Amino acid sequence: MPLPVPKTYKLFVGGKFPRSESGRAFQPAGNPRLNVARGSRKDLRDAVTAARAGLVAWSGSSAYLRGQVLYRLAEMLESRRAAMQAELRLGGATAAAARKELDTAIALSLWYAGLCDKVQSLLGSQNAVQGPFFNFSTVEPTGVVGVLAPEAPALVGTLALVLPLLAGGNAVVALVSEAAPFAGLALGEVCASSDVPAGAVNLLAGHRAELAGQFAAHRDIDGLLVAGRPDAALTQAAADNCKRVRCCDLTPADWTRAERLRSLAFVEPFVEVKTLWHPVSP
Amino acid sequence: MAASLSPVEFRVPPVDAVALETRAADLATRSIKKRAKVQGLCLAVSMMDLTTLEGMDSPGKVRQLCGKARRPLPTRPDVPPCAAVCVYPDLVPIAVEALRGSPVQVASVATGFPAGRTDRQTKLREVELAVAAGATEIDMVIDRGAFLAGRYGLVYDEICAVKEACGAAHLKVILETGELRTYDNMRRACRIALLAGADFLKTSTGKVTPASTLPTVLLLLEAVRDHFLETGRMVGVKAAGGIRTSKDALRYLVLVAETCGDLWLSPRWFRFGASSLLNDVLLQLEKERTGRYQRPADFSAD
């Protein structure tokens, strides 16, 4: 009889899988056999430091390469179907729902992989101006963006918020579902085998009530993408460093529909437009 | 100049490497939080030799650095000024001018820094010029080539000569521990520098890795402590190179307090040679004050 090896669910920070710095763990499903590292504000701090470094590598690579990496991510999801579905089922999904959610996740990854090298053409422009100038508007990533993923769906909820940020060239620190963190954290294993640069994607698990405020208060996070409606305390804390806060308030049905989740409108809030004036000889 | 010593003077007992590293690692586990942390970090700022030693150094960069040394955090007058600004000899006049009227000292590297591969006359002349230009502290490098070849007398004589050329200026002797390879060599180098009259022992130039590590600084501190017990003369220690985080700085302070006692916990007897450490310390101080993690980009680079 094979020896069963139960998995400890760990964070994904800087391309590594650490336990929480605080040493804490929690049992999301109330199942004492399922221990998940419970991230602390210091884990968030470490993740932001890692994301700063990851941002250089990720935003510095060509848009084409970023597309290739996201395509690879879709491939890894595909080849890990059984494992990912098992993670989803641990979170309470039925077999059919898990299969459907994984299909959506793969479809989303593929779509954003294709979008990467088109972002510049879709959001940038060449502008007609008076005078002897070429005038271009180009888009650049906002920087390190925090994501507070929805409680459900466990996998697509995280992926649908992270992928558009990655397509825009940002580095991400995401807090995955508190009730069902398994599939969200398993995304780390997918990223680690997809040539996503260390630190470009960081995944934390823990209590949202404890960590959301820390995301907002951290001055080195440039933007915050929140599932649901952010409360006043959150936006107030975020205002300290003029952090851009956007929310993604979808109905449960919308969260299951790939066509609702793939949109340039998710990329646009977290890119910065830079306009260049280039003189031309008349 | 002091007369040459017999080789027997340079003999040192061997270092127990395991004990040294275990002790350093043990002391590094101590947790310092809240008010003690703020005090420790302010002390670290006051011990800092803000350093720029690059080929691309310019008068503008040195002036900028001097401004930062005088008032590390413009919004917080309670953060003390740094101990010194450390530059190459040709930039000493710029630093002297920029630091006039402030308690910040001007330190200059000399003697063919960082390799030290020039002749004795050139080295001494460089020291004299730096002192004449207004440097109050001189960071010299020892002749590692001679040391590793076993010509300890030569190393000793050179330090003595440089000490004489320094006049009233403080002499920091850079051992470049990364090139000495063994702890035994480091302890012997300490012995030579202490006998030759160094005012400070300094770990490294910052150009060689490994630079300053906890065990090597512990070794230097022990040498200084033993020298004090033996002769009653206090000598300082400067940890330089590779110290980038506040956590590291606090660990060094613990080493100092535990090895040499509180007497050494002052900029007069312990220094950090660093460039990027200051910003991390300021980041932590602001974090303690505001409760928010700070953005490194909000702090000036120089």
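In chain B of this predicted model, 76% of the contacts between residues at least 6 apart in sequence join residues at least 24 apart. For chain A the corresponding share is 71%. Chain B has 302 residues and chain A has 282. The points below cover each chain as a whole, then the cysteines, one helix and several single residues.

**Chain B as a whole**

- The secondary structure of chain B consists of 12 helices and 8 strands.
- A compact globule of 302 residues would have a radius of gyration near 19 Å, and the 19 Å of chain B agrees with that.
- The C-alpha trace of chain B spans about 60 × 45 × 30 Å along its principal axes.
- Of the 302 residues in chain B, 55% are buried.
- Chain B exposes about 12600 Å², and 53% of that area comes from carbon and sulfur atoms.
- Chain B carries 40 positive and 34 negative charges, and the mean positions of the two sets are 5 Å apart.

**Chain A as a whole**

- Chain A contains 11 helices and 10 strands.
- With 282 residues, chain A would be expected to have a radius of gyration near 19 Å if it were a compact globule, and its value of 19 Å agrees.
- Along its principal axes, the C-alpha trace of chain A spans about 80 × 40 × 35 Å.
- Buried residues account for 49% of the 282 residues in chain A.
- The accessible surface of chain A is about 12400 Å², with 56% belonging to carbon and sulfur atoms.
- The side chains of chain A include 29 positive and 24 negative ones, and the centres of these two sets lie 3 Å apart.

**Cysteines and disulfides**

- A disulfide is a covalent bond between the sulfur atoms of two cysteines.
- Over all chains, the structure holds 0 disulfides.
- For Cys42(B), the closest cysteine sulfur is in Cys82(B), 11 Å away, which is too far for a bond.
- Cys42(B) is buried, at a relative accessible area of 17%.
- The sulfur of Cys190(B) has its closest cysteine sulfur in Cys260(B); at 11 Å, that is too far for a bond.
- Cys190(B) is buried as well, with a relative accessible area of 0%.

**Helix H7 of chain A**

- Helix H7 of chain A covers residues 182–192, and 9 of its 11 residues are buried, so the helix is largely enclosed by the rest of the structure.
- Among the buried residues of H7(A) are Phe182(A), Leu185(A), Leu187(A), Gly188(A), Val190(A) and Cys191(A).
- The cover over the buried residues of H7(A) includes strand S2, helix H2 (63–79), helix H3 (81–90), helix H6 (156–167) and strand S7 (201–204) of chain A.

**Phe17(A) and Asn35(A)**

- Phe17(A) lies in the segment before S1 of chain A.
- With a relative accessible area of 34%, Phe17(A) is partly exposed.
- Leaving aside residues up to four places away in sequence, Phe17(A) touches Lys10(A), Leu11(A), Phe12(A), Gly188(A), Glu189(A) and Ala192(A). One of these, Gly188(A), is among the buried residues of H7(A).
- Phe17(A) and Gln85(A) are 68 residues apart in sequence, and their C-alpha atoms are 21 Å apart in space.
- Asn35(A) sits in the loop between strand S1 (25–26) and strand S2 (36–37) of chain A.
- Asn35(A) is partly exposed, at 29% relative accessibility.
- Although Asn35(A) and Thr8(A) are 27 residues apart along the chain, 5.8 Å separates their C-alpha atoms.
- Beyond residues up to four places away in sequence, Asn35(A) touches Thr8(A), Tyr9(A), Ala25(A), Phe26(A) and Gln27(A).

**Backbone details**

- Most residues other than glycine have a negative phi, and most peptide bonds are trans.
- In chain A, Ala152(A) and Pro153(A) are joined by a cis peptide bond with an omega of about -5 degrees. Pro153(A) is in the loop between strand S5 (144–148) and H6.
- In chain B, a cis peptide bond links Phe113(B) to Pro114(B), with omega about -5 degrees. Pro114(B) belongs to the loop between strand S3 (105–110) and helix H5 (120–132).
- Cys242(A), which is not a glycine, has a positive phi of about 55 degrees. Cys242(A) is in the loop between helix H9 (232–239) and strand S9 (244–248) of chain A, and is exposed at 68% relative accessible area.
- Arg181(B), also not a glycine, has a positive phi of about 70 degrees. Arg181(B) is in the loop between helix H8 (177–180) and helix H9 (183–195) of chain B, and is exposed with a relative accessible area of 69%.

Definitions and conventions
Residues numbered from 1 in each chain as written. Chains lettered and ligands numbered in written order. Heavy atoms only, no water. Helix = DSSP H or I, 4+ residues; strand = E, 2+ residues; numbered from the N terminus. Rg over C-alpha atoms; globule rule 2.2 N^0.38 Å. Buried < 20%, exposed > 50% of the residue type's maximum accessible area, 1.4 Å probe, protein only. Contact = heavy atoms within 4.5 Å. Areas by Shrake-Rupley, 256 points an atom, 1.4 Å probe, with all protein chains shown as cover. Lys, Arg positive; Asp, Glu negative; His and termini not counted. Charge placed at Lys NZ, Arg CZ, Asp CG, Glu CD. Disulfide = S-S within 2.5 Å.
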